[in-house]
Amino acid sequence: MAKQETVEHKYVYAFAEGNKDLKELLGGKGANLAEMTNLGLPVPPGFTITTEACKAYLATREEPDGLADQIAAHLASLEQAMGKRLGDPEDPLLVSVRSGAKFSMPGMMETVLNVGLNDRSVQGLARQASGAHAQTSGGADRFAWDSYRRLIQMFGKTVCEVPGEEFEHALDDAKRAKGTHDDLDLDADDLRGLVDAYKKIFFKHTGREFPQEPREQLDLAIRAVFESWNAERAVLYRRQERIPADLGTAVNVVAMVFGNLGPDSGTGVAFTRDPASGAQGIYGDYLANAQGEDVVAGIRNTVPLQELERLDKKSYDELLGIMARLEGHYRDLCDIEFTIERGKLWMLQTRVGKRTAAAAFVIAGQLVDEGLIDLDEALHRVNGAQLAQLMFPRFRLDHEFQPVAKGIGASPGAASGKVVFTSARAVELAAEGESVILVRRETNPDDLNGMIAAQGILTSRGGKTSHAAVVARGMGKTCVSGADEIEVNVPQRRFVVGGQTVVEGDVVSIDGTTGKVYLGEVPVMPSEVVQYFEGSLDPEHVDNPLVRAVHRIMSHADARRRLAVRTNADTGADAARARRFGAEGIGLCRTEHMFLGDRRELVERLILARDNTEREAALAALLPLQRADFEEIFREMDGMPVTVRLIDPPLHEFLPPLEQLAVNVAVAQERGEDVAQEEALLAAVRRMHEENPMLGLRGVRLGLVIPGLFAMQVRAIAEAAVTVTRSGAVARPEIMVPLVGAVQELETVRAEAEKIIAEVVGDSGVEVLIGTMIEVPRAALTAGQIAEAAQFFSFGTNDLTQMGWGFSRDDVEGAFFWRYLELGIFGISPFESIDRDGVGRLVRIAAEEGRAARPELKLGVCGEHGGDPESVHFFHEVGLDYVSCSPFRVPVARLEAGRAAVETDGSDSR
Ligand code: PEP
Ligand code: MG
């Protein structure tokens with residue numbers, strides 16, 4: 001056997017064999033338990049079964065060869081370390097069996113506690129609990145039977161899929177019989193009775209007795225944890241959090257320590273800094289005489305951790321010492337779970353803690369001040385999604401809004417919406433476009449769908465570490481937990497607060513920063529971070545740690561990034577805002593909207609023109625209007641490049657819909673009215689109707705077909721640039737031709753444009769560049785030729801994705817992407833984040849071949865991907881010169897461009 005083991009795969013690691021860098025193999029929990037063990041911290045002994053074992057099991061539904069023997073060997077060492085045997089009738093060793101994946105998935109997978117208890121060892125446990133300590137034997141009996149009933153409940157539900165409510169009903173019955181609401185009032189006899197009831201429930205659903213053999217319990221529990229990797233809620237959570245589906249979970253088998261052995265025992269969760277605001281200090285919840293699951297599930301309300309100082313000063317001081325040590329070691333905020341068993345502190349878990357977006361920035365700034373990390377590392381520790389969250393508005397509160405309840409600000413933000421009480425209803429109403437607030441006593445993993453659909457989550461129970469709080473923070477969703485003035489009645493779909501009844505569909509507002517709850521819809525105001533970007537908060541003088549941290553990290557991102565950030569803007573107002581947000585130019589000014597509104601009539605005249613004279617008259621009327629549009633934008637962007645794209649969409653978009661026009665004409669004819677004009681319009685609309693307008697007469701094709709249209713725009717741009725420059729500002733226009741697929745298209749437009757530009761700019765000093773979008777796959781593949789005629793390329797990744805995949809950008813996301821996501825064909829819509837392998841490859845080819853043909857070719861991107869964090873990293877890698885995105889995303893792109901530089905190019909000492 002021993003000989004065989006040397007060639008076998010190593011599936012089991014003792015804690016002393018691992019370390020924090022082995023998360024992939026040992027999961028986050030296992031790797032960190034190993035790290036703490038090696039730091040000499042008080043961790044109960046145990047071992048970790050690897051994610052490899054899980055993957056092997058899930059592939060075949062059989063334990064891989066050698067696993068059982070390796071578990072036996074490690075169990076033997078564990079028994080030796082503890083001086084007890086698993087399930088020994090006299091003095092049983094009990095173990096917990098816990099999941100732990102590479103990325104934390106709070107509450108999504110399974111845990112079984114107290115494995116090793118059976119009809120005989122429960123007696124031994126009671127004897128040991130009473131003998132070794134100064135507990136009354138009644139208390140020890142109670143503890144032992146309570147532990148046993150918990151095992152049957154958890155094992156039944158987790159391993160054998162017995163419906164959890166059945167156990168809860170039996171517990172409720174026992175409490176009712178006793179005339180109490182509190183399970184602590186149930187004595188040993190009541191719990192013994194409950195164990196009998198639970199065993200009957202177990203038998204009813206499984207057709208077998210509750211397993212008495214400890215090793216069988218252990219093996220089945222391990223198997224159940226493996227299986228829970230693919231539980232529906234875990235799959236859903238992974239999809240939401242973009243966690244790869246093939247990582248598998250590790251399983252930790254740990255000697256049990258008990259927080260429910262009496263008032264000198266307890267369990268808690270703590271953070272080394274406030275995970276909501278980032279403020280320094282000790283934050284956490286403590287629950288005396290309880291097991292860890294009670295805290296996380298928010299079943300009973302906890303007390304603040306500081307209370308522990310009064311209850312057990314020695315453990316409190318030891319805990320604080322360990323927390324300081326962990327922070328220094330991990331150089332980051334840590335969260336921990338601990339248990340105190342009769343005055344002895346045990347560390348059950350630690351990890352670099354999840355935090356809100358605000359806390360991420362504040363803590364990164366603090367750690368730089370404390371000399372624990374440098375600015376590159378600080379930049380690495382925040383991200384664009386967090387920054388985007390901080391740009392959300394907050395409530396504008398004046399005297400007429402009084403909170404009706406106050407809970408814990410568990411996940412910041414401001415959310416208003418219709419109250420719903422079930423996950424299903426949340427999903428239903430959200431699908432109808434409503435904002436909803438999911439209100440529950442506490443949430444559990446089955447509520448995940450509703451939490452995703454809701455604008456915010458409100459619970460009447462549970463602390464900062466309850467399920468609702470942890471999951472909401474992870475999702476960046478507003479959450480108020482533990483608002484205990486609220487009495488939630490789910491079956492009747494209402495809650496009562498301060499004598500008022502709120503029913504499903506009523507509107508409430510919740511503030512996830514202050515924890516306050518308001519009836520009705522509270523108006524909102526912009527975030528401080530936005531005010532800072534807008535220039536109305538001076539970071540050097542404002543006493544706001546968040547604004548200061550954002551300023552510091554953004555400044556570093558700007559210093560480090562190689563990508564410039566421009567904006568997509570087609571009005572002066574958007575341009576001005578984007579400039580305040582740090583845009584360094586306009587990467588896409590779409591000119592389409594400039595042809596709408598009261599200019600429609602001129603466009604109709606252009607389309608219906610019967611001869612050159614009529615057409616030229618329409619264009620001449622449009623020219624001064626366009627010129628004024630461009631003047632406004634050039635003035636706003638004084639000194640910065642402005643890419644103006646010539647008109648793109650199909651012309652029929654400027655005409656009334658066919659059906660409506662046909663009806664109008666028919667009705668007017670019926671009435672005998674003069675309909676000559678409408679008939680001409682109808683004929684034009686019919687003529688221009690296309691089955692596939694996205695692949696039809698648009699972009700450069702339109703410019704080549706309608707004489708004078710592009711020429712008018714080019715003239716307007718050049719004239720506006722000259723006027724602005726003559727007035728003392730600097731206009732730097734770049735004319736961009738859309739939808740080019742062949743160099744000849746561009747050459748034709750360019751030849752005409754150059755003539756007009758030469759004529760208009762004269763000796764004004766204005767320089768006008770001419771370039772093209774690369775948004776048709778053929779353009780990407782012939783970029784070497786196209787670059788001969790273009791001074792710049794701007795990747796239109798919206799169309800490039802549409803035409804690269806053959807997906808109609810207006811239809812497919814709503815139609816069938818859910819199925820593609822479900823099948824894992826892609827993890828995120830390729831319209832949202834660049835498809836590196838396919839569309840990204842087209843970008844890469846075009847960039848390389850374009851630059852080979854013309855080394856000074858300027859390269860940018862102006863599709864939606866320009867503001868997507870993940871895609872920004874890709875564009876950095878490909879070596880583009882700039883990204884362009886909507887004004888609100890400019891700060892996000894700046895930050896991500898800085899992060900990309902630090903991550904791809906390595907750190908420097910700045
Ligand atoms: C694009 O296709 O990516 C682009 C920027 O152009 P539009 O979205 O206007 O088609
Ligand atoms: Mg396009």
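**Aromatic pairs, a buried asparagine and the ligand shell**

In this predicted model, the count of aromatic ring pairs comes to 26. One of them joins phenylalanine 421 and phenylalanine 495, whose ring centres are 6.3 Å apart. The planes of these two rings stand at 70°, so the pair is classed as edge-to-face, the class for angles over 60 degrees. Distant parts of the chain are linked by this pair, the two residues being 74 residues apart. Phenylalanine 421 is located in the loop between β16 (414-420) and α17 (423-431), whereas phenylalanine 495 belongs to strand β21 (residues 494-497). Both phenylalanine 421 and phenylalanine 495 are buried.

An edge-to-face pair is also formed by phenylalanine 874 and phenylalanine 875, because their ring planes lie at 70°. The centres of these rings are separated by 5.7 Å. Phenylalanine 874 and phenylalanine 875 are likewise buried. In addition, one aromatic cluster is made up of Trp805, Phe807, Phe816, Phe817, Tyr820, Phe826 and Phe831.

Asparagine 252 is part of strand β7 (residues 249-255). Its relative accessibility is 0%, and asparagine 252 is therefore counted as buried, the limit being under 20%. The side chain of asparagine 252 is in polar contact with the side chain of threonine 48, at 2.9 Å. Leaving aside residues up to four places away in sequence, asparagine 252 touches Phe15, Lys29, Gly30, Leu33, Phe47 and Thr48, as well as Ser96, Val97, Arg98, Ser99 and Gly100.

Ligand 1 is surrounded by 14 residues, of which Arg590, Arg645, Gly796, Asn798 and Arg809 come nearest. By residue class, this shell consists of seven charged, four polar and three nonpolar residues. At least two shell residues each are supplied by β27 (586-590) and α32 (797-805). The largest share, three residues, comes from α32.

Polar side-chain atoms approach the oxygen atoms of ligand 1 at several points. For arginine 590, a side-chain N or O atom is 2.7 Å from an oxygen atom of the ligand. The corresponding distance for the side chain of arginine 645 is 2.9 Å. A polar side-chain atom of glutamate 775 also lies 2.9 Å from a ligand oxygen atom. On its own, ligand 1 has 290 Å² of accessible area, and 96% of this area is covered by the protein.

Terms used. Residues are numbered from 1 along each chain as its sequence is written. Chains are lettered from A and ligands numbered from 1 in the order in which they are written. This is a predicted model: local features need pLDDT of at least 70, side-chain atom pairs count only at pLDDT 80 or more; totals for chains, interfaces and linings use all residues. Side-chain values use heavy atoms; hydrogens and water are left out. A residue is near a molecule or strand if one of its heavy atoms lies within 4 Å of it. A polar contact is a pair of N or O atoms within 3.5 Å; within protein, one must be able to donate a hydrogen and the other to accept it, and residues adjacent in sequence count only if both atoms are side-chain atoms. Accessible areas come from the Shrake-Rupley method with a 1.4 Å probe; for residues, only the protein chains shown count as cover. Helices (H or I, at least four residues) and strands (E, at least two) are DSSP runs, numbered from the N terminus. Ala, Val, Leu, Ile, Met, Phe, Trp, Tyr, Cys and Pro count as nonpolar, Asp, Glu, Lys and Arg as charged, and the others, Gly among them, as polar. Buried means under 20% relative accessible area, exposed over 50%, partly exposed in between (1.4 Å probe, protein chains only). Contact means heavy atoms within 4.5 Å. Rings of Phe, Tyr and Trp (its six-membered ring) pair if their centres lie within 6.5 Å; planes under 30 degrees apart count as stacked, over 60 as edge-to-face and the rest as tilted.
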